[in-house]
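I'm opening a fresh page for a structure I haven't looked through before. I'll jot things down as I look them up.

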Amino acid sequence: MSLDDLRKRVDELDENIIKLLAERLSTAEAIGREKAAGAAPTLDAGRERQVIDRAISLAADAGMTAAEAAEIYERIIKLARERQSVSAAFQGEPGAYSEAAALAFFGPRAVTRSCESLEAVFAEVESGRVQYGMIPIENSIEGSISRSYDLMLEHSLMVSGEHHLRVNHCLIGNPGATLDGIRRVYSHPQALGQCGHFLRQLKFELQPTYDTAGAVKLIKEQGVCDAAAVASERAAAIYGMKILARDIMDNPQNFTRFFALARCDAPPSGNDKTSVVFAVKHRPGALYEFLRILAERKINLTKIESRPTRKKAWEYNFYLDFDGHREDESFKAALPALEDQTLFIKILGSYPRARAEGK
Ligand SMILES: O=C(O)C(=O)C[C@]1(C(=O)O)C=C[C@@H](O)C=C1
């Protein structure tokens, strides 16, 4: 065939490919509507793996390499996900890090809903007004976010995904402000804590607020030039404010881990984690016994942390994450023995493992 003929053939093939791709995306969109109506969780990493593996094996028969098929299908699935408009509530004003985490996790077309408190995030998901709630769970510098842990214990929502967000704080002021003129700095206590060195050095008066983007909104409303906020570059852009200093964190390796909460957790994907909370019985070696049962089944722990029960002084609940899904045989077999060591054990959910930056 001549070059012209070959190019004509490519054009014909592209016409068919585009029609098929358009139909494939609109079918995925229809699946998304069914899932949002309650048929299944919207995110399903296990199903994605199946679709990609099937494409790889079909490609082999058709004369394409596995790498080519995987690259194309990963892209298709990403676009299909974006068509399945997911809704997620977060705590804070638009521009909050939790909103950035939701958009990074669910894709830029996700519909986000700002809530005043973490309690309101739980209520939005429980009522079905949104599918997911994105809550911060721990920070690599400041540690766990205790309110999130306490609420997960009180509510029946489940963890269906995790996301690690790199947090880069800026000092943000009104357009007329300069660094020299700043006296007061507003932000969430966690963010103020993460920038302690910079803020102390400049001897600012610190004013805790309920979220980072909310602090930017506040100083915008005040219209003053002697106050600034600690928040993200994205928050500065949303409110049309000026960045007075960038990367002001004590440690540039600043990451926050978020949980995507939903009414059910995620089906097995083949690379999962599970979070549980429990209290051990008051007898010597009970925690040791609990951990021994997991070790015996070769269940790998990724995190353990104790928190006061908030009911009785000096009594603690343990929050534990391990590799694997709650439907894995190894965990199901261990569960009765684990229950034997505990006053209660609550499975917070199983979810696909996120790639942890900064590790
Ligand atoms: O099969 C589904 O559950 C779909 O939503 C469809 C589809 C796909 O396009 O193949 C899209 C997104 C999912 O995460 C997995 C698969």
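My notes on a sheet and on a few helices follow. I'm keeping in mind that this is a predicted model.

**The sheet**

I looked up the strand order first. I found an open sheet of five strands, ordered 8-7-9-6-10, and the pairing is mixed.

Why is one side of strand 8 and of strand 10 left without a neighbour in the sheet? I checked the edges: strand 8 (205–208) and strand 10 (242–245) stand there, and each has a single partner strand, so one side of each stays free of a neighbour in the sheet.

I also noted the turn between neighbouring strands of this sheet, which is 35° on average with direction ignored.

**Strands 6 and 10**

Next I went to strand 6, residues 170–173, and its pairing with strand 10. The two run in the antiparallel sense, and I get three bridges for the pair. For a spot to find by eye, I picked I172, which has I243 of strand 10 opposite it.

**A helix on the sheet**

Which strands does helix 9 lie across? I traced helix 9 (residues 212–222) over strand 6, strand 7 (184–187) and strand 9 (227–231). Against strand 9, helix 9 runs at about 160°.

**Helices 5 and 6**

Last, I turned to helix 5 (residues 118–126) and helix 6 (residues 146–154). Their axes come within 10 Å and cross at roughly 35°. I wrote the crossing down as right-handed.

Then I listed who meets whom: L118, E119 and F122 from helix 5 meet R147, S148 and L151 from helix 6. Sorted by kind, the residues of this contact come to three nonpolar, one polar and two charged.

Definitions and conventions. Residues are numbered from 1 along each chain as its sequence is written. This is a predicted model: local features need pLDDT of at least 70, side-chain atom pairs count only at pLDDT 80 or more; totals for chains, interfaces and linings use all residues. Two strands pair if DSSP finds at least two bridges between them. Helices (H or I, at least four residues) and strands (E, at least two) are DSSP runs, numbered from the N terminus. Axes are lines fitted to C-alpha atoms, for helices over the stretch in contact, and angles run from 0 to 180 degrees between N-to-C directions. Two residues are in contact if their C-beta atoms, placed from the backbone, lie within 7 Å. A crossing is left-handed if the near helix is turned anticlockwise from the far one by less than a right angle, and right-handed if clockwise. Ala, Val, Leu, Ile, Met, Phe, Trp, Tyr, Cys and Pro count as nonpolar, Asp, Glu, Lys and Arg as charged, and the others, Gly among them, as polar.
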